[in-house]
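Reader: I should like to understand the terms used to describe this model. Please set each value against its definition.

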Amino acid sequence: MEVMNLLSFFTGIGLFLYGIDAMGQGLEYAAGSKMKKILGALTKNRLLAVIMGALVTALIQSSSATTVMVVGFVNAGLMNLAQAIGVIMGANIGTTVTSVLIAMDLGMIAPVALLLGVFAMLFVKKDIVKHIGQTVAGFGMLFVGMELMAYGMAPLGESEVFTYFMTNFSNPFVGVLIGLVLTAIIQSSSASIGILQALALQGLVPIEFAVYILLGQNIGTCVTALLSAAGSKTNSKRTAVMHLLFNVIGTIIFLFITAFTPYTTLLESISDNVSAQISAAHIIFNVVNTIILFPFANLIIKAACILVPDKEPEDSKLEFKFYDEKLLATPPVAVEQIGKEVVRMAELARDNFDRAAKALIANDTSKVEKIESVEEVINFLNHGITRHLVKINALDLDYSDAKYIGRLFHVVNDIERIGDHAVNLSEAMVVRNNEKLAISDEAVAELETMRKCVCELLNASISSFEKQEITFEEAKQIETLETISDNLKVKYQDAHLRRLNEEHCETRAGMMFVNTLIDFERVGDHAKNIAFAVSKKPEEKAKPYESIVNSY
């Protein structure tokens, strides 16, 4: 092959890969937040999961991308293994769309599609039209890439070595290995099958050998999911293994079908076009494999659980519970899941504040280690969530999601400060215990009253933030509780001065008491900030109610 042919071949591969990616991204962005609805439709009905897997993959043009997405959903707790196996089966069917498009030989309209798509991307202001334009341009690039690959590979037909190999050396396992390695390198079964079809169009690969390469390509596409699951939770690894098992079992079945039945003769009877024969083989493999293995889905899940056993419980909790970085491929879902992590962080900070406040009041040092370990998790979440909020904010988000991410930035800071105040209380408790500081019964009662007020405020605030909606009545309650905590701080500081003047209180213990009141009051301020970081706020300014005021 000459240098120009090699250059043409690799340029064609680049355009082909970029075309597939552009088509998928354009359709995914055009769908926007509808991805949430698609995900919501994935119930325990496995057949519905198969259908949804096929539809999503047909949109984004990559079974590898769908499977990586599923791995992320399982890791984040959005999907269980029973749902995941259905989506994986559907994804294998959906990925056949690209090979069908190539087999239709639409190369004549590729330049027009490319021109129209680029025009829409550059000169139309509406986002939905830009995304559709990206899809159309990707479609055009896909076929331009195919033409260049075909031109670059044409000289191989004159190579006696290559021709002899393809016509005489048809070892099934060699074909499977070639397909596996090629797809693992390119990281896209659609692209590797496109290359196979381009070779076939030049008469370089007979269908008798192409079917074996195709089987290997279906195994090779599992590599992407396996790599994405590395370092993930146990069920995520099991999801990737289920994908591998599905394709390996299917390959074994079709090796026997190809060897002992007139399978290739059937393919040749479908069309005279070898590219169409390869597309038909791809569809038949995935549809038949799904029909055969669908009733045995639970056995595949069990096999994956055996191959990836449960880990021993880990002492460290420094990990996300709901969010996974793989969810960045579906921005609306990433936004929703990172929000759950923020709520989790808020609940941890609330519980740690209550734990530390109770321990200080009761002079109970047994909770120190627990308070410190929870604070470590809160700090981990603070840094991790902030880092990923920056990544999500850079994605193509709709207006409501972008505003929500902006609110999360502020809320995370308030939550982190609540965690710091809990540590302050824990440290004060240690000082009280070590220095044998005595607090009067009256002061203990005052601290307990203020603790209850602040905890009630925290509960109401976190509840409103989690709903992302606050009613007028809820706003009045939160505003009132925050005002009460401010008033209680002033009231109890005055009471402390009176006790100090009457020598009912030691100076050192009194300083600790006043600092504790300040910690309580500031936690109330942060709680109020969290409550009002919602999407729907009451129009009227909140006013205190008498019932709450009188209870304190």
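Author: The exchange below takes up the chain as a whole, then its salt bridges, then its helix packing.

Author: This is a predicted model, in which local features need pLDDT of at least 70 and side-chain atom pairs count only at pLDDT 80 or more, while totals for chains, interfaces and linings use all residues. Residues are numbered from 1 along each chain as its sequence is written, and side-chain values use heavy atoms, with hydrogens and water left out.

Reader: How many helices and strands are there in the protein chain?

Author: The protein chain has 24 helices and zero strands. Both are DSSP runs numbered from the N terminus: helices are H or I with at least four residues, and strands are E with at least two.

Reader: What share of the residues is buried?

Author: Of the 552 residues in the protein chain, 51% are buried. Buried means under 20% relative accessible area, exposed means over 50%, and partly exposed lies in between, with a 1.4 Å probe and protein chains only.

Reader: What makes helix α6 largely enclosed by the rest of the structure?

Author: Helix α6 (residues 96–103) is described in this way because six of its eight residues are buried. The buried residues of α6 are Thr 96, Thr 98, Ser 99, Leu 101, Ile 102 and Ala 103.

Reader: Why is the pair Asp 364 and Lys 367 called a salt bridge?

Author: A salt bridge requires a side-chain nitrogen of Lys or Arg within 4 Å of a carboxyl oxygen of Asp or Glu. For Asp 364 and Lys 367 the N to O distance is 3.4 Å, so the pair meets the definition. The structure holds 16 salt bridges.

Reader: Are Asp 364 and Lys 367 buried, exposed or partly exposed, and what are their values?

Author: Asp 364 has 25% relative accessibility and therefore counts as partly exposed. Lys 367 is partly exposed as well, with a relative accessible area of 33%.

Reader: Which parts of the chain does the salt bridge of Glu 446 with Arg 499 link?

Author: In this salt bridge, the closest N and O atoms of Glu 446 and Arg 499 are 3.2 Å apart. The pair links distant parts of the chain, with Glu 446 in helix α21 (residues 441–467), Arg 499 in helix α22 (residues 472–501), and the two positions 53 residues apart. Both Glu 446 and Arg 499 are buried.

Reader: What separates Glu 473 from Lys 476 in helix α22?

Author: The two residues are three residues apart in helix α22, which means a separation of about one helical turn. Their side chains meet in a salt bridge at 3.3 Å, N to O. Glu 473, at 43% relative accessibility, counts as partly exposed, whereas Lys 476, at 16%, counts as buried.

Reader: Which residues are linked in a network of salt bridges?

Author: Asp 354, Lys 358, Glu 448 and Arg 451 are linked in such a network.

Reader: Why is Asn 382 called buried or exposed, whichever applies?

Author: Asn 382 has 13% relative accessibility, so this residue counts as buried. Asn 382 is found in helix α19 (residues 368–393). Apart from residues up to four places away in sequence, Asn 382 touches Met 345, Val 412 and Glu 416, where contact means heavy atoms within 4.5 Å.

Reader: What describes two packed helices?

Author: Two packed helices are described by the angle between their axes and the distance between the axes. Axes are lines fitted to C-alpha atoms, for helices over the stretch in contact, and angles run from 0 to 180 degrees between N-to-C directions.

Reader: What makes the arrangement of α14 and α17 oblique?

Author: The axes of helix α14 (residues 234–260) and helix α17 (residues 297–307) come within 9 Å and cross at roughly 120 degrees. That angle makes α14 oblique to α17, because angles under 35 degrees count as roughly parallel, over 145 as roughly antiparallel, 65 to 115 as roughly perpendicular, and the rest as oblique. The crossing of α14 and α17 is right-handed: the near helix is turned clockwise from the far one by less than a right angle, anticlockwise being left-handed.

Reader: Which residues of α14 and α17 meet?

Author: Arg 238, Val 241, Met 242 and Leu 245 in α14 meet Ile 300, Ile 301, Ala 303, Ala 304, Cys 305 and Leu 307 in α17. By class, this contact of α14 with α17 has nine nonpolar, no polar and one charged residues. Ala, Val, Leu, Ile, Met, Phe, Trp, Tyr, Cys and Pro count as nonpolar, Asp, Glu, Lys and Arg as charged, and the others, Gly among them, as polar. Leaving aside neighbours within four places in sequence, Leu 245 is in contact with Ile 300, Ala 303, Ala 304 and Leu 307.
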